[in-house]
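Biologist: Before I plan any work on this protein, I would like to go through its fold with you. Please reason each answer from the coordinates.

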Amino acid sequence: MALVTSDVLAPAPHPSGRPTDTVPQGARSHVADLAAFVAAAPSSYHAAVEVARRAGAAGFACLTETDEWRIEPGGRYVVVRDGSVIVFAVPSDAGPTTAFTILGAHTDSTGFKLKPRPTTGSAGWWQVGVEVYGGPLLNSWLDRELELAGRLVARDGSEHLVRTGPLLRIPQLAVHLDRNVNDGLALDKQRHTQPVWGLGSPEDADVLGALAAEAGLDPADVAGYDVVLADTQPGRTFGAGQALFASGRLDNLLSVHAGLTALLAHAEGEDADEGERPVSGAVAMLAAFDHEEIGSASRSGAAGPFLEDVLARVQAGLGAGPEERRRALAASFHVSSDVGHAVHPNYPERHDPANRPVAGGGPILKINANQRYATDAHGAARWNTACERAGVPSQEFVSNNAIPCGSTIGPITATRLGVRTVDVGAAILSMHSARELTAVVDPWYLSRAMRAVLEG
């Protein structure tokens, strides 16, 4: 998949000759890096590895869960569990009761996952069998060049990341054969979503063989796999002043990238006004989980033990006993970040009439009376204060009472750990589409606000 280049992200000239670039250069640089991050992460497994790679390049040591950990004040670490990753920087003055400031997000996106016995075909076409993953907008996946991406596990237990590049397409039925299609498109999840990827008899096809070849493996050596479909179109800016950004997997790689950017900048102590300074205060952490789109109930999901395991091992390394551990968690703070709904100009009635997040209006604070979001008054106050310190505009999201909202990892983490949690995000359109839309400034605003939270 091609990365977004600088010329793609350069603002287009206005026809009148008047300047149109009102987007700050910092936002443009941030979204260019976001585009590269998304391009490197066609699956949750790729996303976790890309986070770890970037953290490693910044001097973070890679931890393995089966090894003994030696956590030291001032240390920087990253640990991967399947498609999830946790990155953290321990302050130089850390002790048994040091609190945690956690930026939470998720690495997975809605779409399709490869089934067992995936090589199929019909009417002279090679096809692959896929299962719907989460709740995608099915029609948005039609007539796009897609790739297979994920991990293969060999018989010796070794894991191999794989991606094919453009390989598949889910073709829509022509209007000539469905004259009423524009009155309402109804797709059968089994019959109408199976991609094509070649011509001939299915007996001559082998999609697992093609994946194995990409990974440099003998097909007979592949013992297991977790492989998804991903859109291959690169992210890019467009619109008046190039103020809009469209990409696949913004839900929720936008938040993963914003949190990682904030954490790495915090760990380096980069501040134009203050210069470099040592990390102090709470343990700064990014926790990006897999399987949020299907409920988070897995060993690497937010409802699983991954974060709790890591926190316990960090605290043990800092000399914490049961009493100190509970004190530290009681003083900790979790920012659960997931994209949210900007007001849709064609469907404004679907939103609350008073709370209407707009694209370009800054991060959204998510609030729900039924705790589908974990925000409370204390969490809202801390988030709003951070936005003010960062010089970032902010806005609120609450659902129209007639249209219940979804949920996030926020309530799950708050329930598991008892850590005060606030739910936030960046406003987008076309959530769960194969290609989503945001304002160029909003991912940057979100990251700056996250950085302010880490600074305390």
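**A helix with two faces**

Modeller: I begin with a helix, in a model that is predicted. The face of α7 turned away from its buried side carries the exposed residues E323 and A330.

Biologist: Which residues of helix α7 are buried, and on how many sides of the helix do they lie?

Modeller: Helix α7 spans residues 322-330, and its buried residues are R325, A328 and L329. Their arc around the axis is only 95 degrees, so they lie on the same side of α7.

Biologist: Which helices are included in what covers the buried residues of α7?

Modeller: The exposed residues E323 and A330 are on the face turned away from the buried side. Over the buried residues, the cover includes α6 (306-317) and α9 (409-417).

**The sheets**

Biologist: In the open sheet of nine strands, which strands stand at the edges?

Modeller: The order of this sheet is β1-β2-β3-β13-β4-β14-β18-β16-β17, with mixed pairing. A strand at the edge has a single partner, so one side of it is left without a neighbour in the sheet; this applies to β1 (61-63) and β17 (395-397).

Biologist: By how many degrees are neighbouring strands of this sheet turned against each other on average?

Modeller: The order of the nine strands runs from β1 to β17. With direction ignored, the average turn between neighbouring strands is 25 degrees.

Biologist: Is β13 largely enclosed or open, and how many of its residues are buried?

Modeller: V283, M285, A287 and F289 point one way from β13, whereas A284, L286 and A288 point the other way, and all are buried. β13 is therefore largely enclosed by the rest of the structure, the buried count being seven of the seven residues.

Biologist: Which residue of β13 stands opposite V87, and also opposite L103?

Modeller: β3 and β13 pair in the antiparallel sense over five bridges, while seven bridges join β4 to β13 in the parallel sense. On the β3 side, V87 stands opposite L286. On the β4 side, the residue opposite L103 is again L286.

Biologist: Which residue of β18 stands opposite I364?

Modeller: Strand β16 (residues 364-366) is joined to strand β18 (residues 420-425) by three bridges, and the two run antiparallel. Opposite I364 in β18 stands G425.

Biologist: What are the edge strands of the open sheet of five strands?

Modeller: That sheet has mixed pairing and the order β11-β12-β20-β19-β15. An edge strand here pairs on one side only, and the two are β11 (236-238) and β15 (340-341).

Biologist: Which residue of β20 stands opposite I428?

Modeller: Strand β19 (residues 427-429) and strand β20 (residues 436-439) run antiparallel and are joined by two bridges. The residue of β20 opposite I428 is T438.

**Helices and core**

Biologist: Which helix gives the most residues to the largest nonpolar core?

Modeller: The core holds 60 residues, and V51, F60, V87, V335, W383 and L446 touch the most other members. One helix lies across β2, β3, β4 (100-106), β13 and β14 (333-337), running at about 150 degrees to β4. It also lies across β12 (244-247) and β20, at about 40 degrees to β20. With ten residues, the greatest contribution to the core comes from α5.

Biologist: Which residues does V87 touch, and which helix lies across β3 at about 20 degrees?

Modeller: Beyond four places in sequence, V87 touches V51, A55, F60, Y77, V78, L263, A284, M285 and L286. The helix lying across β2 (76-81), β3 (84-89) and β13 (283-289), at about 20 degrees to β3, spans residues 44-57 and is α3.

**A distant pair, and confidence**

Biologist: How far apart in space are V441 and G26?

Modeller: V441 is in helix α10 (residues 441-454). Its relative accessibility is 11%, so V441 counts as buried, and its contacts beyond four places in sequence are V23, P24, A27 and G360. V441 and G26 are 415 residues apart in sequence, yet from C-alpha to C-alpha the separation is 8.7 Å.

Biologist: Where does pLDDT stay under 50?

Modeller: The chain averages a pLDDT of 93, and 93% of the residues score at least 70. One stretch under 50 has 31 contacts beyond four places in sequence and covers residues 1-20. Another has eleven such contacts and covers residues 270-278.

Note on methods: Residues are numbered from 1 along each chain as its sequence is written. This is a predicted model: local features need pLDDT of at least 70, side-chain atom pairs count only at pLDDT 80 or more; totals for chains, interfaces and linings use all residues. Side-chain values use heavy atoms; hydrogens and water are left out. Two strands pair if DSSP finds at least two bridges between them. Helices (H or I, at least four residues) and strands (E, at least two) are DSSP runs, numbered from the N terminus. Contact means heavy atoms within 4.5 Å. Axes are lines fitted to C-alpha atoms, for helices over the stretch in contact, and angles run from 0 to 180 degrees between N-to-C directions. pLDDT is the predictor's confidence in each residue, from 0 to 100. A nonpolar core is a set of buried Ala, Val, Leu, Ile, Met, Phe, Trp, Tyr and Cys residues joined through side-chain atoms within 4.5 Å. Buried means under 20% relative accessible area, exposed over 50%, partly exposed in between (1.4 Å probe, protein chains only). The arc is that of the directions from the helix axis to the C-beta atoms.
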